[in-house]
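Me: Could you take a close look at the ligand site in this one and walk me through what surrounds the ligand?

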Amino acid sequence: MKADSIRLPRPLNLIDGAWVAAASGREMDVRSPIDGEVFTRIADSGPEDVDAAVAAARAAFDGGPWSKLTAAERGRLMLRLGNRILEEAEELARLETMDNGKPIKQARADMIATARYFEYYGGGADKVHGEVIPFLSGYHAEVRREPHGVTGHIIPWNYPAQMFGRSIAPALAMGNATVLKPAEDACLSALRIGELATEVGFPAGAINIVTGRGEVAGKALSEHPGVDFMSFTGSPEVGVMIQVAAAKNFIGCTLELGGKSPQIVFDDADLEAVYPVLVNAIIQNGGQTCSAGSRVLIQRGVYDKVMAELKARFEAVTASDSGEDAVLGPLISARQKKRVETYIAEADAPLVARGSIAQGSPEGGYYVAAALFGPCEPGSKIAQEEVFGPVLCAIPFDDEADAIRIANGTDYGLVAGIWTSNGGRQQRMAKAMHCGQVFINGYGAGGGIELPFGGIRKSGHGREKGFAALHEFSRIKTVVNNHG
Ligand code: NAD
């Protein structure tokens, strides 16, 4: 893929409807994970740029044209943006692959999903409303649902376009004005979609995008006293900082911080259906998915059989340069490659299989061959920590109680997959899982815009997706009228 065949966004921020350079004039290099080469630049913004973006959002929310739109009009704008994303999907996908390294097929699917966020929440904009409460005689009591005001959004690099849609679409639907800080490692699709938003007529200040480093621009946004609600997706370490900053400003926040999600395979499962899903749930997007199925718990009676099949399938996985046939592309950065390779090299469990890296893959790209470990001790480092790479660890278990103990035995709780043909067990296991989403005889890493999604404990709190996100991005006000 050549940079000159793709329209690249300029190194500018979107503030108050205009594309502007960082006030300092600073820019940063952008490297493609496919070959490690610098192919463009982005604005390296500072606190003063965040100030300007928050002020623009405030003006849009407090009496600006954005605040005057009806819910139906906001929804219509969002539907238009969804349509434009679909029209530009191929070019956006190519930009995403260049910037993030993900296989082009995955990038295409991401663009459809991104458009869906604007369609789904555009359709929802005028369907969330308050209620009237029967109260004392002579009183009218109602509960209104109102936007927070200015919402801050800090998103990661793993699904840049999807995260853009997932974070800001529900906020916009409820009438908030948004300031988004995309990840410095991959933010070009967010900038390009920002251009499309301006083109379809979003009023100035409704969507502001400020690029730059997390510890500078991200920190400034998370600590900004002008922000009324924060939404963060990324690492637990930064999530804690976001929550502390939100506490100091007495505002709410949602945190989506990743996981170590188990897929639990009982001996009565339809194993042929299980295998491709197990592999895909950790290979998809290079394992850089918060809801990746990174642990597989296998009932002892079928452990050897399942592992023999997984070994063959892992050995057949080839990392390559994200072209049409790629299933596993490079990881996002040299830093992430080193992190994942260190986990593999230092793993405290037997290595069962390694995939390969395609011959002729560009020098300097961030390729890592897939790895399968097992049997892993449930408490081992490789079975406890989020690797965020194509690394699966297998853990044998004896019975339901054992599976529940192991599945719930990490600091995380995001998603669980349960594979069994026993209906009672399906229900018992779903109830016993300490997490935000459970799949039975299936697994949807990252799938399903309609399905509320989020975690507990180190996976974070609050819910994105579904109508639950519309509730997160609004608050209720009780109004009591003594009309006599
Ligand atoms: P990160 O948490 O550092 O970055 C996520 C976002 O937060 C980026 O936009 C970044 O610019 C911003 N950020 C960084 N420091 C900040 C700060 N001090 N204040 C405010 N914003 C800040 O994540 P990372 O370093 O890119 O990845 C590290 C690990 O995090 C990964 O290996 C993975 O385990 C996890 N992760 C999880 C998800 C997820 O979807 N849950 C996404 C990305 C990374």
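Reply: Quick bit of vocabulary before we go in: a polar contact here is a pair of N or O atoms within 3.5 Å. Also keep in mind that this is a predicted model.

With that cut-off in hand, start with the backbone: a polar backbone atom of I155 sits 2.8 Å from an oxygen atom of the ligand. Side chains join in too. K181 puts a polar side-chain atom 2.7 Å from a ligand oxygen, and R339 does likewise at 3.1 Å. As for how covered the ligand is, on its own it would expose 800 Å², and the protein buries 92% of that.

Now step back to the whole shell. There are 29 residues around the ligand, and the ones that come nearest are W157, K181, E184, S235 and R335. So K181 turns up on that list as well as among the polar contacts. Sorted by class, the shell has 13 nonpolar residues, 8 polar ones and 8 charged ones.

Where do they come from? Four elements each supply at least two shell residues: α8 (214-222), β10 (229-233), α9 (236-248) and α12 (334-345). Of these, α8 gives the most, with 4 residues.

Zoom out once more and the placement makes sense: domain 1 (3-257) and domain 2 (262-448) both contribute residues to the shell, so the ligand lies between them. And the space the ligand takes up is the largest pocket.

Technical notes: Residues numbered from 1 in each chain as written. Predicted model: local features only at pLDDT ≥ 70, side-chain atom pairs only at ≥ 80, totals over all residues. Heavy atoms only, no water. Near = heavy atom within 4 Å. Polar contact = N/O pair within 3.5 Å; in protein donor to acceptor, adjacent residues only side chain to side chain. Areas by Shrake-Rupley, 256 points an atom, 1.4 Å probe, with all protein chains shown as cover. 1 Å grid on protein atoms, 1.4 Å probe; cavity = no way out; pocket = protein on both sides within 12 Å on 5 of 7 lines; lining within 4 Å. Sits in = over half its atoms within 2 Å of the grid points. Nonpolar A, V, L, I, M, F, W, Y, C, P; charged D, E, K, R; others polar. Domains from an automatic or database assignment.
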